[in-house]
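Subject: Structure for your review

Dear colleague,

Please find below the structure that I am handing over to you. I would be grateful if you could read the notes that follow with the model open beside them.

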Amino acid sequence: MSGKLAIEARPEPASSDSTPDPLSHAVGVALSPHGALRLEEADGHAALDTGNTSRLGQAFARGAGDGLLALALAGDLSFSPDLAFWRNFANCFVAARCQSEAGKTPCPAPDDLAALIDEAPPMRGGEYLDVQLLTELWLSLQNALEADLARAGLELDGYLARHDSRWRHVGRVHFNLAENRKDAGKPFAFLATYVPGIGEGTTLRHAPLGGALREFAGTGAKPQLLKLLEPVARASENCPWLGALVDTGEIFHPLRWTPAEALRLLADSAVLEQAGIILRMPASWPGRRPSRPMVEAVVGSAEPSKVGAAQLLDFSVAVVLDGETLTPAEIDELLAAGNGLAMLRGKWVEIDQDRLTAALDRYGQIAQLAKTEGLSFGQAMRLLAGAGIGAGGEEGRDDAALPTVEWGRVTAGTWFAETLAQCRTPDTLAGALPGGALRAELRPYQETGVRWLSFLTRLGLGACLADDMGLGKTLQVLALALASRCDTKSHRPHLVVAPASLLANWAGEAGRFAPDLRVFVAHPAFASREELTGPEPCLAETDLVITSYGSLLRLDWLAQMQWHLVIIDEAQAIKNANTKQARAVKALRADGRIALTGTPVENNLGDLWSIFDFLNPGLLGSARAFRSFAKGLAAEHPPNYAPLRRLVAPYILRRMKTDRRVIADLPDKTEVKAWCALSRGQAALYQRTVDDFERLLEDAGDDMSRRGLVLSTLMRLKQICNHASHGAGGTEWSRAGSGKFERLAEIAATVASRQEKMLVFTQFAEAIKPLCSLLAGVFGKEGLALSGDTAVGRRKGLVARFQEDETVPFFVLSLKAGGSGLTLTAASHVVHFDRWWNPAVENQATDRAFRIGQKRNVLVHKFVCRGTIEERIDEMIEAKQQMAAQLLAGGGEINLTELGDRDLLDLVRLDLSNAVDAAA
């Protein structure tokens, strides 16, 4: 570096009437005879608060380089003269580092260092200050910075920005544009500058770019000059006008510009900033750009005359500039000005005639549609969310081809905004509660849920109550049913549709908490054939009808009734929109619809669409239109699901039981991986299966045959991981034949020693009996079992026995039959013996124990065989859960049949050393 070092020591002026801060310390820097720098308290020095003093003291304790670096990055603090001297010395180093290549920061010339010493203020040990010492300190600064960069894992720009955002400007070229209204022909001024460093105070030191030619005139400084000008050269490749300025040398001089020339800079702003140039625009321009006229549409200013799907909202359009509505004459003036910059109302305005006209035309069409046909709540929601579902000729044509947000936007009017605010912030809702008719005390979040459900259903809108398992969704619906009995507008009963395994639970909860509700369970296990074929007498005095998804296909009268509310429990049952079951649910007629689920998006966005196709038909467009819309969101870089989230959020209420703001009296849940080895028999059978699979895969014919081969092989490998006899179809399941059996026996022994209870989930019904036999041997007592073959009427008794009988130590359940709807809080251990390749299903099963009423910590053991497909699937599940959390939760289905042959073989291969050696 050549040229004189700029040191701007500025002591803090003393104030005779100021009161000392009791938490501040007077500090300075002392220089020892051996050249060591140390921070010390001293009279007559400026005071720093305790926090800054401590940080600086710790930095200097690590070494002089760390201390000086901390001074440079301390921000805008006022220092005593000696600290200011050292801070400016460190600033010179950081500025030089910004202008040099990584790891190479040339030390100033000896003459410059000598001049710096001459300007040094009086300080303790100042007599030891010399050129050699400053050279050594410069090197220590370089070492400290590079070590800090390595620890932080950051590039220089990111590291400096983390400490003091001003540093991102140092060593960078700035293009400055200013207004010059005194020059009518060329009302803009342009100047290219660079920032050589940071001085005292908050102001950056800018210098004309031409000054860099003089500062870096020395031959040894050429690399710094080239680095400084590199962004300009890079941007010139894509900006012809900039290339011309560079070629003529005008880039180094102040320039007068016309509006058209200023517009070139604005048009290429993204290219310039991507190249590394920092743009500085007139301070009067909001957002670093001139004002833009905006076509602003307002929807729902007045309360509609109807509710629900029939409600129609008003829609108005205006052109605004900085929040002020333009007159028709001003709009004509803007459109007549063409593209570029124009002066309107005393300010520069940016105009894109094509986009502005397109926005006016598009919103004008929607306004005309609203006048002639009306604008539905769903259409208004899509417009407000910016969700262009239906583009390309699909359904939902009303919101296709929405204008870009820079030139047009839709805002909610008074009524619409208030309604959405109440949907999104249900804590503010007021509404009737069932009072003493409910034989339970609602928690605050449950009261909020009841009011929210009541609010949306009164509007005729579908509601998805997506509370975590165990937070009492059933209780909230029963409270809503009791409260709605006071609604004189309708005396029609409600209909609850639930899995058959949960019918007894619904009936029992209703009898326990809402005995005043008149309940009829429309299922052969609860009603006679006569009652089910001629239900009119039963329905005459009924408040709540409970039925199963399967019964919808057999009892025609369920679809013929007009219900007050239809509530579907475990709503993921209709995730596959094309099934008879889903179509039957969506054919039900009701004034309002509610979906209960802990996972509104279980595998993919198609599940979300199907649930909302029941709740609010048409809101998400047709299935085909929605797939196209979701594909567009995923194609953005990075993927942006905000429009979809804004669209569905008002209809979804989700509370997590791990959120202490919701409920503070649940214990903790801990999930651990129970890694298992394969027995030698398992390993041999696994490898033989993989070899057969590879051979058969080569000979697989059409896609259907290949798909069948893949699915059957994957299922067999999962069975082999459970037990060698399971994979071979044997009946003798010895403990030694399975690494998982060994691991389960170990865990069960610990549970038994603590007299605790355990749930074990498996997806294979044939594994239930062997598991019960193994566990009975470990616990010394018999346990319980539940599968899809267990009669509906027996399930309630099994649950009650496990909950109440302390002598029952374990419960083995089929994941599909027992993974939802049951309350099994007597268990404090949950074992997933074999993994269901869907995290939502596993979480539902875990929540049989981890729910309200649980008094102990719940430990979840997820069994995984090392070196096998289970370990690789576990990694995929972890990735899927992270993806699911992005959209309450979105994600992608693990579709293994679509993998290529090589990827499939990599997935199922056996890592023998990892799988078997672990058993030794």
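Strand 9, which spans residues 294-299, runs parallel to strand 16, and 5 bridges join the two. Please bear in mind that this is a predicted model. One of the contacts can be found by looking for V295, whose bridge partner in strand 16 is G408. In general, the strands of a sheet pair through backbone hydrogen bonds, and the pairing is either parallel or antiparallel.

Which strands make up the sheet, and in what order do they lie? The order is 12-11-9-16, so named for 4 strands that form an open sheet with mixed pairing. At its edges lie strand 12 (324-325) and strand 16 (408-412), each of which pairs on one side only.

I turn next to the salt bridges. The structure holds 22 of them, and I describe three here.

The first to consider lies between the side chains of R289 and E350, with an N to O distance of 2.9 Å. This pair connects distant parts of the chain, as R289 and E350 are 61 residues apart. R289 sits in the loop between strand 8 (278-280) and strand 9, while E350 belongs to strand 14 (residues 347-351). Are these two residues buried or exposed? E350 has a relative accessible area of 8%, and because this is under 20%, E350 counts as buried. R289 has a relative accessible area of 22%, and therefore counts as partly exposed.

Another salt bridge brings together the side chains of K862 and E671, at 3.3 Å from N to O. This pair, too, links distant parts of the chain: K862 lies in strand 29 (residues 858-865) and E671 in strand 24 (residues 669-676), 191 residues apart. K862 is buried, at 5% relative accessibility, whereas E671 is partly exposed, with a relative accessible area of 38%.

The last of these pairs is E742 and R735, whose closest N and O atoms are 3.2 Å apart. Both partners are partly exposed: E742 has 30% relative accessibility, and R735 has a relative accessible area of 38%. Finally, salt bridges with shared partners join R289, R292 and E350 into one network.

With kind regards,
A colleague

Terms used: Residues are numbered from 1 along each chain as its sequence is written. This is a predicted model: local features need pLDDT of at least 70, side-chain atom pairs count only at pLDDT 80 or more; totals for chains, interfaces and linings use all residues. Side-chain values use heavy atoms; hydrogens and water are left out. Two strands pair if DSSP finds at least two bridges between them. A salt bridge is a side-chain nitrogen of Lys or Arg within 4 Å of a carboxyl oxygen of Asp or Glu. Buried means under 20% relative accessible area, exposed over 50%, partly exposed in between (1.4 Å probe, protein chains only).
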